[in-house]
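This briefing concerns the structure displayed below. The notes that follow are grouped by topic.

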Amino acid sequence: MSGHQHEEAGKTTSPYAARIRAIEALLFEKGVLTEPEVQDSISYMETRSPSNGAKLVARAWMDEGFEELLLSDAKAAALQLGIDPEHPAEFIVVKNTTGVHNLIVCTLCSCYPRAILGRPPDWYKSFEYRSRAVREPRAVMREFGFEPPEGVEVLVHDSTADVRYMVLPMRPPGTEDMGEDELAHLVTRDSLVGVNVPS
Amino acid sequence: MTFEPGDRVKVLLSEKPGHVRIPGYLKGKAGWIESLVGEFPNPEELAYGHSGLPVRPLYKVGFRQADLWDDYEGPAEDYLYADVYEHWLEPGEGGPT
Amino acid sequence: MGGSPGGPIDRGQHEVEDWERLADAINAALSGKGLQTTDQHRRAIESLEEYRDLSYYERWVAATEKLLVEKGILTGDEIDERAAEIERRWGGP
């Protein structure tokens with residue numbers, strides 16, 4: 001079986017763990033999938049993480065031309081940094097400004113830019129987030145410790161079709177002397193979804 | 001395509017069964033076309049293994065939060081955007097925004 | 001779902017388990033071979049009676065199983081049998 005250590009005896013785990021293992025074994029036996037194919041998928045997913053998003057943001061903060069590209073053709077911008085989205089879905093980046101703060105949600109199913117950022121956090125997939133983010137985005141952000149300043153509009157993007165969204169947060173003040181790597185470290189996964197901002 | 005950015009639109013109230021890509025909370029609501037995302041096969045048909053053709057326009061549609069929720073807590077300029085296929089939209093009232 | 005009342009958001013994060021990684025990988029691999037699509041998978045998830053009782057990845061696995069059976073690639077019985085065998089090997093449910 002691919003890439004796993006046997007589930008520990010006595011550890012409570014979902015009955016679906018055995019089911020997916022059974023499906024895997026049967027698909028291999030019937031020649032529907034091969035072990036390398038599954039292993040490649042596992043490896044691919046492991047390379048997807050919020051640090052990809054952080055790199056895109058840090059580059060955009062340092063380079064206006066790159067920011068323009070990120071906002072007009074995000075997939076091309078990702079490719080330029082060696083991040084291959086591979087997935088056919090559209091990928092759109094929305095920019096926070098002094099007047100506007102963006103929040104991303106998928107009420108229908110938890111769509112997320114996985115091909116860039118990897119797996120979404122559990123809270124993003126929760127019924128509570130999916131229900132409340134569209135109706136009371138400001139209350140949700142308050143739970144994440146963030147309140148937009150007076151006069152800032154909140155724009156919620158519900159990814160209802162095959163578009164995946166990511167937020168381009170504003171560059172924090174006092175970071176003028178930082179290099180790109182340092183800047184990337186400021187960019188949290190949560191700020192890419194829009195529930196709060198980099199500090 | 002039927003709509004241009006700025007056009008006022010309304011989401012249909014249809015109770016179409018099966019897999020639909022329109023959230024319940026948007027049905028019957030009025031908004032505007034923000035932009036055209038592109039043209040794609042219909043996911044509601046793809047979901048059942050059909051071709052989903054012909055491709056149809058997918059629009060980014062904007063709504064005022066105050067128009068979506070009676071008890072919305074926030075300023076009038078808070079908006080919500082959703083990506084909506086043309087077959088879920090009809091022309092809205094009033095001229096372009 | 002959108003707009004329904006909801007309680008506080010649990011910000012805890014569970015450690016992704018190997019079987020969940022495998023669920024992701026099987027889906028991606030099946031998609032890659034044109035054996036299932038995102039839209040089909042979503043539709044299958046939405047049609048699960050147990051939707052609200054299952055975790056995110058449990059829904060994924062249940063939906064993948066549903067599609068494989070629907071397409072005649074596997075049968076429910078052989079999955080049941082093999083899953084039971086695997087559980088026995090792991091030391092019983």
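**Chain A and its contacts with other chains**

Of the 199 residues in chain A, 46% are buried. The model is a predicted one. The points below treat the fold of chain A, the packing of one of its helices against chain C, and the contact between chains C and B.

**Chain A overall**
- Chain A comprises 11 helices and 4 strands.
- Along the principal axes, a box of roughly 60 × 35 × 30 Å holds the C-alpha atoms of chain A.
- When contacts in chain A between residues at least 6 apart in sequence are considered, 69% of them link residues at least 24 apart.

**Helix packing between chains A and C**
- Helix 2 of chain A (residues 35-46) and helix 1 of chain C (residues 18-32) have axes that come within 8 Å and cross at roughly 115°.
- Helix 2 of chain A is therefore roughly perpendicular to helix 1 of chain C, and their crossing is right-handed.
- Helix 2 of chain A contributes A:Glu37, A:Val38, A:Ser41, A:Ile42 and A:Met45 to this contact, while helix 1 of chain C contributes C:Arg21, C:Asp24, C:Ala25, C:Ile26, C:Ala28 and C:Ala29.
- Sorted by class, the residues in the contact of these two helices are 7 nonpolar, 1 polar and 3 charged.

**Contact between chains C and B**
- This contact involves 8 residues from chain C and 9 residues from chain B.
- On the side of chain C that touches chain B, 4 residues are polar, 4 are charged and none is nonpolar.

How values were computed: Residues numbered from 1 in each chain as written. Chains lettered and ligands numbered in written order. Predicted model: local features only at pLDDT ≥ 70, side-chain atom pairs only at ≥ 80, totals over all residues. Helix = DSSP H or I, 4+ residues; strand = E, 2+ residues; numbered from the N terminus. Buried ≥ 20, exposed ≤ 12 C-beta atoms within 10 Å, placed from the backbone. Contact = placed C-beta atoms within 7 Å. Axes fitted to C-alpha atoms, helices over the stretch in contact; angles between N-to-C directions. Parallel < 35°, antiparallel > 145°, perpendicular 65-115°, else oblique. Left-handed = near helix turned anticlockwise from the far one by under 90°. Nonpolar A, V, L, I, M, F, W, Y, C, P; charged D, E, K, R; others polar.
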